[in-house]
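Here is a friendly walk through a few local features of one protein chain. Keep the viewer open and follow along.

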Amino acid sequence: MNTDPISDYLTRMRNAIAANHKMVEIPTSKTKKEITKILFDKGYILNYKFIDDTNPGIIKIALKYHPVTKQSAISELKRVSKPGLRKYVGVENMPSVLNGLGIAIVSTSHGMMTDKEARQQNVGGEVICFIS
């Protein structure tokens, strides 16, 4: 059992990017599925597939690289709110990553969303991670 599954998710992604892997497999959960959907919608990953046949299920993620420079679309993944120290923010204190070039994933009462979407919907919540 893992004490911080989201941190494990981000570490697996970081390690796969550092090793220039095309695919990464991660054990699934509802939170990880939502984070994966946001990464796909914002163009940070190429594709994903949820495989729920096994227990626990698996998320297969195809990582995205620049065709010429072979540089990853994700340059940094940083966990913000940790199990030992949760970080909650109101809409007025919503963080901006790289002056809007990156995203912060926020868990709100309306579900998981980016910092920009949370500002538009005027909701605050727990800041899960920064991605740039």
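Which side chain does the side chain of Arg 79 join in a polar contact? The partner is Asp 4, at 3.0 Å. Please keep in mind that this is a predicted model.

**Around Arg 79**

Arg 79 sits in strand β4, which covers residues 77–79. With a relative accessibility of 11%, Arg 79 counts as buried, because buried means under 20%. Its side chain also reaches the backbone oxygen of Ser 81, at 2.5 Å. Leaving aside neighbours within four places in sequence, the contacts of Arg 79 include Ile 6, Ser 7 and Leu 10, and Arg 86, Ile 128 and Cys 129 are also among them.

**Two helices**

Two of those contacts, Ile 6 and Leu 10, are buried residues of α1. The table sets α1 beside α2.

| Helix | Residues | Expected span | Distance between end C-alpha atoms |
|---|---|---|---|
| α1 (5–18) | 14 residues | 20 Å | 20 Å |
| α2 (30–41) | 12 residues | 16 Å | 17 Å |

For α1, the distance agrees with the span expected at 1.5 Å a residue; the distance for α2 agrees with its expected span too.

Which residues of α1 are buried? They are Ile 6, Tyr 9, Leu 10, Met 13, Ala 16 and Ile 17. These residues cover an arc of only 130 degrees around the axis, so they lie on the same side of α1. The spacing follows a simple rule: an α-helix has 3.6 residues a turn, so residues three or four places apart point the same way. The buried residues of α1 pack against α2 and against strands β1, β2, β3, β4 and β8. After α1 comes Asn 20, with a positive phi near 55 degrees.

In α2, the buried residues are Lys 32, Ile 35, Thr 36, Ile 38 and Leu 39. Viewed down the axis of α2, they fall within an arc of 160 degrees, so they line one face of the helix. The face turned away from this buried side carries Lys 30 and Asp 41, both exposed.

**Past the end of α2**

Lys 42 lies in the loop between α2 and β2 (45–51). Is Lys 42 buried or partly exposed? At 39% relative accessibility, Lys 42 counts as partly exposed. Not counting residues up to four places away in sequence, Lys 42 touches Ile 103, Thr 114 and Glu 117. The C-alpha atom of Lys 42 is separated by 11 Å from that of Ala 73, which is 31 residues apart from it along the chain. Just after α2, Gly 43 takes a positive phi of about 85 degrees.

Terms used. Residues are numbered from 1 along each chain as its sequence is written. This is a predicted model: local features need pLDDT of at least 70, side-chain atom pairs count only at pLDDT 80 or more; totals for chains, interfaces and linings use all residues. Side-chain values use heavy atoms; hydrogens and water are left out. Helices (H or I, at least four residues) and strands (E, at least two) are DSSP runs, numbered from the N terminus. Buried means under 20% relative accessible area, exposed over 50%, partly exposed in between (1.4 Å probe, protein chains only). A polar contact is a pair of N or O atoms within 3.5 Å; within protein, one must be able to donate a hydrogen and the other to accept it, and residues adjacent in sequence count only if both atoms are side-chain atoms. Contact means heavy atoms within 4.5 Å. The expected span of a helix is 1.5 Å times one less than its number of residues. The arc is that of the directions from the helix axis to the C-beta atoms.
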